[in-house]
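Me: I should like a close look at one part of this protein, followed by an account of how its surroundings are arranged. Please treat the matter in a single connected answer.

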Amino acid sequence: MELAQREAVGAKFSAAAMQRAQALTWEATEKIAALIKPGMRESEAITASKTLLGTLGMDRIWHPVLIRFGENTLRTFSERSDNDPVLGDDDIYFIDIGVVFDAHEGDCGVTRTTGADPEMQRCADDAKRLFGIVQDHWRTQGVSGQALYAFAKAQAETMGWVLNLDMKGHRVSDFPHAIYKAGKLADLTDTPNGGLWILEIQIAHPTRAFGAFYEDLLV
C-alpha cells in the first residue's frame, strides 16, 4: 500500500482539529491521574475514569480506557490485566485513553508513580524522555517507521530499559481511522508525516516486574 493510501483522511479532517483533540485528551488524562490514589483497584480506576470522561464534552471513547497498576504495566494493550490489583503506596501505573473530540481522535498514554521508589520514578520519566528523543530523531532525520523503532530500541537499551516492540504505534485521524487500514507505525517502510501517527513507547525494567508507557501524536 502506498503511503498516500495509508495516510488518507476523511472529508471532515482538519490538522487544527486533530491538534485540539489531542490537547483535550491530554487534559482528560491529567484529570484521570488526579483521581487515582493508593488503595484503589484497577477496575475502580477505570470506572471512575469513564465517569469523568463523560463530563468532558467528548463525542465518544474510541478505544477502551486502559489503566494498569504494578506488574500489569508490563502488559500490552491487547493483553488482559492479571487479576484486579490494588495500587500500593510505592507503586507505578499508567493511563491510556482514546477519545473523540469534534470528530477527531485523541490518544494519550502516560505513567505515574506513588511513593518514592527511585527506579519506578526513573522508568516513568524515561518513557516520556525516550518518546522525545525518538520524536526528535524523526523530525531531524526523516526516517521510516521501521527505522524509528529500531532507533527507539537502541536508545532504550542505552538508558537501561527493554523496549516492548509489540507496541508499534498506529494511525489516528478523523473518526474512525480504522477504515484507512494503515497498519502499524513500526512496520512502515516510508517516513510518516506529522499529525497522523501515534508513537507508542513501552519500556520494561530489566530485572524487576514493572514498566512504563508513554504515547503521543508525532508532530
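How many residues line the largest pocket, and which of them lie nearest its centre?

Reply: The model is a predicted one, and the description below should be read accordingly.

The lining of the largest pocket is made up of 15 residues. Nearest the centre of this pocket lie Phe77, Met167, His170, Lys184 and Glu200. The volume of the largest pocket is about 240 Å³. By residue class, its lining comprises seven charged, five polar and three nonpolar residues.

For the wider setting, a UniProt record may be consulted. In an unreviewed entry, UniProt places the feature "domain: Peptidase M24" at residues 17–218. Across residues 17–218, helix accounts for 34% of the chain and strand for 24%. The C-alpha atoms at the two ends of this stretch are 15 Å apart.

Charged side chains also deserve attention beyond the pocket. Side chains of opposite charge can pair when their charged atoms come close. With a cut-off of 4 Å between a side-chain nitrogen of Lys or Arg and a carboxyl oxygen of Asp or Glu, the count comes to eight salt bridges. Three of these pairs are described here.

One of them joins arginine 208 to glutamate 119, with 2.8 Å between the closest N and O atoms. This pair links distant parts of the chain, its members being 89 residues apart. Arginine 208 belongs to the loop between strand E6 (197–204) and strand E7 (211–217), whereas glutamate 119 is in helix H4 (residues 118–141). Both ends of the bridge are partly exposed: arginine 208 has a relative accessible area of 29%, and glutamate 119 has one of 30%.

Helix H4 also holds a pair within its own length. Aspartate 126 and arginine 129 both lie in this helix, three residues apart, which is about one turn. Their salt bridge has its closest N and O atoms 3.2 Å apart. Here the two partners fall into separate accessibility classes. Aspartate 126 counts as buried because its relative accessibility is 6%, under the 20% limit. Arginine 129, at 46% relative accessibility, counts as partly exposed.

A further pair is found in helix H5 (residues 145–158), where lysine 153 and glutamate 157 are four residues apart and therefore separated by about one helical turn. Their side chains meet in a salt bridge with an N to O distance of 2.8 Å. Lysine 153 is partly exposed, with a relative accessible area of 35%, and glutamate 157 is likewise partly exposed, at 46%. Elsewhere, salt bridges that share partners join Asp117, Glu119 and Arg208 into one network.

The cysteines remain to be considered. A disulfide is a covalent bond between the sulfur atoms of two cysteines. The structure holds zero disulfides. For cysteine 108, the closest cysteine sulfur is that of cysteine 123, at 19 Å, so the two are too far apart for a bond. The converse also applies, since the cysteine sulfur closest to that of cysteine 123 belongs to cysteine 108. The cut-off for a disulfide is 2.5 Å between the sulfur atoms. Cysteine 108 is buried, with 0% relative accessibility, and cysteine 123 is buried at 0% as well.

Note on methods: Residues are numbered from 1 along each chain as its sequence is written. This is a predicted model: local features need pLDDT of at least 70, side-chain atom pairs count only at pLDDT 80 or more; totals for chains, interfaces and linings use all residues. Side-chain values use heavy atoms; hydrogens and water are left out. Buried means under 20% relative accessible area, exposed over 50%, partly exposed in between (1.4 Å probe, protein chains only). On a 1 Å grid over the protein atoms alone, a cavity is a set of points where a 1.4 Å probe fits but cannot get out, and a pocket is an open set with protein on both sides within 12 Å along at least five of seven lines; lining residues have an atom within 4 Å of a point. Grid points are joined across faces, edges and corners, and a volume is the space filled by probe spheres set on the points. Ala, Val, Leu, Ile, Met, Phe, Trp, Tyr, Cys and Pro count as nonpolar, Asp, Glu, Lys and Arg as charged, and the others, Gly among them, as polar. UniProt positions are given in the numbering used here, feature names are shortened, and annotations may be inferred rather than shown by experiment.
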